[in-house]
Structures are given as structure tokens and as C-alpha cells.
Amino acid sequence: MTRVTIQLDKDGFLVHLTDWNEVTAAELAAAQNIELTEAHWELIHLVRRFYSQFEVSPAMRPLVKQVREQLGEDKANSIYLMQLFPGSPAKLLAKIAGLPRPTNCL
Amino acid sequence: MIASPGGVAEWPKALVLKTSEGRPSESSNLSPSAISMQSSPPGVSYDCYRRIMMFCLNVHGDPASSQSVHSALQFAKATVASGHEIYRVFFYHDGVRIADCNQVPPQDESNLLQQWIEFAEEHSLELTVCIAAALKRGVLNEDERARYERVAANVYPAFSVVGLGQQIEAAISCDRTITFPG
Amino acid sequence: MRFLYLLRRPPYSGSLAAEAIDSILVAGVFDQRVSVLFKDDGVLQLLKDQQGQLLGHRSVNKMLAALPEYEIEELFVCARSLAERALSLDQLSLPVQVLDEVGQQTLIAAQNVVMND
């Protein structure tokens with residue numbers, strides 16, 4: 001296995017979004033003391049789909065809306081999201097999913 | 001604080017509202033016809049009351065290549081001179097460049113940065129620059145300089161670097177939002 | 001509160017259009033009733049099949065497609081601006097309501113806040 005160095009900014013966001021892959025995601029999550037489970041991954045893939053469709057990192061409200069549409073009503077609430085991505089879920093998800101900071105979270 | 005007729009001379013132009021509410025509401029919107037720019041000679045009283053309004057200004061143009069920052073300053077001065085108040089000035093797009101303390105205007109051109117700072121200090125105005133727009137244009141305060149490991153911070157201390165939410169919050173909180181495009 | 005964004009800039013004049021959309025999305029997050037009026041070169045922001053990456057930008061039509069995700073669904077376009085550019089609705093990437101000058105006046109008069117780009 002080759003070692004690669006991934007450049008992060010001081011807040012732990014990727015400097016180069018193209019550095020993202022699932023290994024990177026696991027590392028980024030580990031740096032936040034999060035061990036990625038299936039529940040995490042389905043959200044990571046959801047926000048990555050959102051970004052590739054809209055070229056915007058989702059804020060909390062559209063995130064919840066997408067979760068409702070794609071993963072069901074029982075997961076579409078901020079408590080569920082905060083259990084998986086504590087603090088500021090939209091921001092933390094963007095970080096781990098290799099997206100730019102959500103604009104209003106700058 | 002309603003203007004007395006004697007005060008009219010100092011208030012040459014003012015927005016005069018003819019609705020009973022200063023802020024337009026869903027049900028009774030302020031139509032353009034309800035606002036008139038009125039200029040009355042001293043001693044002539046208005047047929048309607050005047051109230052102090054809260055303004056927020058969005059300034060979008062580059063200070064060197066557009067008139068936006070200058071116009072906004074003139075407007076801000078007129079606003080305050082008319083007895084109204086300014087809640088916040090939000091510099092966005094290229095307008096954020098006004099906060100760059102490294103500007104060196106030639107001696108025969110006005111020093112816009114200096115004028116904004118003096119005016120803001122005199123009237124305790126809140127000067128804000130959008131962080132996302134500022135970062136993109138190399139306008140960094142010390143926090144951002146450290147975060148992104150850049151060479152130098154260059155935001156004049158009178159300006160706070162804030163999120164876009166401050167622009168929206170100001171618009172929600174004010175009676176009037178005025179934009180000076182680039 | 002009713003917010004109207006009046007967008008008159010072309011999609012790829014630097015990042016002006018993208019920054020204006022960022023502001024719109026934040027207004028959406030603030031739970032305001034936000035609508036958008038595309039006018040003058042602003043109507044070009046709505047064109048289908050943009051490839052912003054070739055110009056070093058995010059694709060503005062893709063960003064605009066996010067508006068409904070932020071509960072922003074009232075989109076208006078100036079009839080005259082479309083006609084001047086020989087554009088028809090099927091060339092646009094989002095469903096919009098076409099307004100003549102009187103319609104635009106009525107729309108603007110109904111707002112609490114009008115934001116320009």
C-alpha cells in the first residue's frame with residue numbers, strides 16, 4: 001500500500017476535492033472521532049450526489065429534505081443527523097464527504 | 001422623533017410614508033406610489049408624519065473600478081443627515097475590496113477607505129465584509145490568514161468579516177435594504 | 001418576509017452570478033419567502049446545458065436547480081429580456097413564470113425586500 005499525503009486546511013477540509021475517496025473519508029471521519037457505519041455512508045453518498053447535481057454543498061434544510069426523499073421520514077430530522085455527525089451535521093458531512101464548506105457555514 | 005417644520009431645511013429630501021405602518025406587511029404593502037421623494041421649503045409642513053427608518057446597505061462594486069462604494073457612502077451620509085439610521089453596511093462581491101488596508105489612492109483622488117472609516121466611527125456604523133467573497137479576493141483578517149496559512153492579513157480593523165447570514169439578517173431587521181451594484 | 005432577488009447579470013461574468021445565488025440560498029435557509037426575477041442578461045443564467053467548469057466556474061444552471069431544495073420555487077422571467085435574446089421557454093432549465101413589465105411592477109411592489117445582484 002502506498003502512502004499518500006492529503007492536504008487539509010486548518011479546519012480539516014480537503015484542499016483538493018479530487019483527493020476524496022472512501023479511504024480518505026474514513027480518515028477524515030476518524031480525525032473527528034467518528035467511525036463510519038452504513039448509516040454514515042448512505043448520508044455521505046447522498047450529499048455527494050447532491051453536490052454533483054447542484055454544485056452546492058447542502059445546508060441543513062435541503063439536507064433534511066433530501067434525506068426525507070431518499071432515505072425515509074424516520075431519518076429526516078436533525079436529531080438523527082446529529083447523532084451521526086455531531087455538532088453541525090451539514091458542515092461535518094461536507095467535510096467528510098469531500099465537499100466545499102457550505103457557504104453559510106464559512 | 002418626528003420632524004418639526006423648522007427642521008425641514010436640514011432635511012431637504014426624505015422618504016415620506018403615507019401608510020400608517022413604516023414597514024410594509026403582507027397585507028398592506030407599500031406600493032411605489034406611497035413613497036415620494038419630497039422636497040419642501042422651510043416652514044412648509046408635511047401632510048403626513050415622518051418616522052425614523054432603519055436602513056441596511058449592500059455594496060457590491062469594486063471601489064477602484066465602479067462608483068458603487070462611493071455612491072453608498074454618499075447615500076449613507078444623506079441617510080444619517082436625514083435623521084434615519086443605518087443598521088449595517090454589508091460589502092459583497094467586489095465591494096469587499098474596500099476593506100483592504102493596503103490601498104494607496106493617489107493624492108488627488110478621494111481616500112474612500114479613510115472616509116468610510118471616519119464616517120463609521122462617527123456614527124457607530126457596523127461595517128461588514130462577506131467572508132466568502134473576501135477570501136476569494138485576498139481580503140483576509142488575521143483569523144482567516146492563519147486558517148489558510150497566507151502571508152499577510154489585510155482587513156482594516158474597522159471591518160468585521162462575517163457570513164452571508166448577516167446580509168439576510170440585516171435585510172429582515174431593517175425598513176429598507178438598498179443595494180449599490182457594481 | 002417576502003424577498004425578491006432581481007438577477008440581471010450574465011452567468012459567467014466572473015463569479016457574480018454564483019455569489020448572488022449563494023446569497024439567495026442563505027435567504028432560503030433563513031425561512032423567508034424568496035422569489036427570483038431574471039431580467040436582462042440574467043435570463044441567460046437559466047439556459048440549459050451549461051458547462052461552467054470549462055470557464056473555471058460552477059455551472060450556474062445547476063446551482064439554480066438547487067433552489068427548490070431550499071423551498072424557493074417562485075421563479076419569474078422578464079418577457080422582454082427573453083424576446084430580445086430570441087429565447088423560448090423550452091431553452092430554459094427550470095420552470096419559470098413569464099412576466100411583462102406590469103407583472104414585474106406588481107411583483108416588486110409586493111415585496112418587503114428587493115435584493116439586486
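What percentage of the residues of chain B count as buried? I looked this up at the start: of the 182 residues in chain B, 46% are buried. I keep in mind that this is a predicted model.

**Chain B, overall**

I listed the elements next and found five helices and seven strands in chain B. Following the sequence, I wrote down their order as β-β-β-α-β-α-β-α-α-β-α-β. Then I turned to the surface: chain B exposes about 8,800 Å², and carbon and sulfur atoms supply 51% of that area. I also checked contacts in chain B with a separation of 6 or more, and 76% of them come from residues 24 or more positions apart.

**Chain C, around strand β2**

Now I moved to chain C and picked strand β2, residues 33-38. Why is β2(C) described as largely enclosed by the rest of the structure? Because five of its six residues are buried, meaning under 20% relative accessible area.

I looked for the partners of β2(C). One is strand β1 of chain C (residues 2-7), which pairs with β2(C) in the parallel sense over six bridges. Here I spotted Leu4(C) standing opposite Ser35(C) of β2(C). To get from β1(C) to β2(C), the chain passes through helix α1 (residues 16-29) of chain C, and this β-α-β crossover is right-handed.

Strand β3 of chain C (residues 74-78) also pairs with β2(C) in the parallel sense, over four bridges. In this pairing I noted Val36(C) opposite Leu75(C) of β3(C). Helix α2 of chain C (residues 60-65) joins β2(C) and β3(C) in a β-α-β unit, and I recorded that unit as right-handed.

Key
Residues are numbered from 1 along each chain as its sequence is written. Chains are lettered from A and ligands numbered from 1 in the order in which they are written. This is a predicted model: local features need pLDDT of at least 70, side-chain atom pairs count only at pLDDT 80 or more; totals for chains, interfaces and linings use all residues. Side-chain values use heavy atoms; hydrogens and water are left out. Helices (H or I, at least four residues) and strands (E, at least two) are DSSP runs, numbered from the N terminus. Buried means under 20% relative accessible area, exposed over 50%, partly exposed in between (1.4 Å probe, protein chains only). Contact means heavy atoms within 4.5 Å. Accessible areas come from the Shrake-Rupley method with a 1.4 Å probe; for residues, only the protein chains shown count as cover. Two strands pair if DSSP finds at least two bridges between them. A crossover is right-handed if, with the strands pointing away from the viewer, the path from the first strand over the helix to the second runs clockwise.
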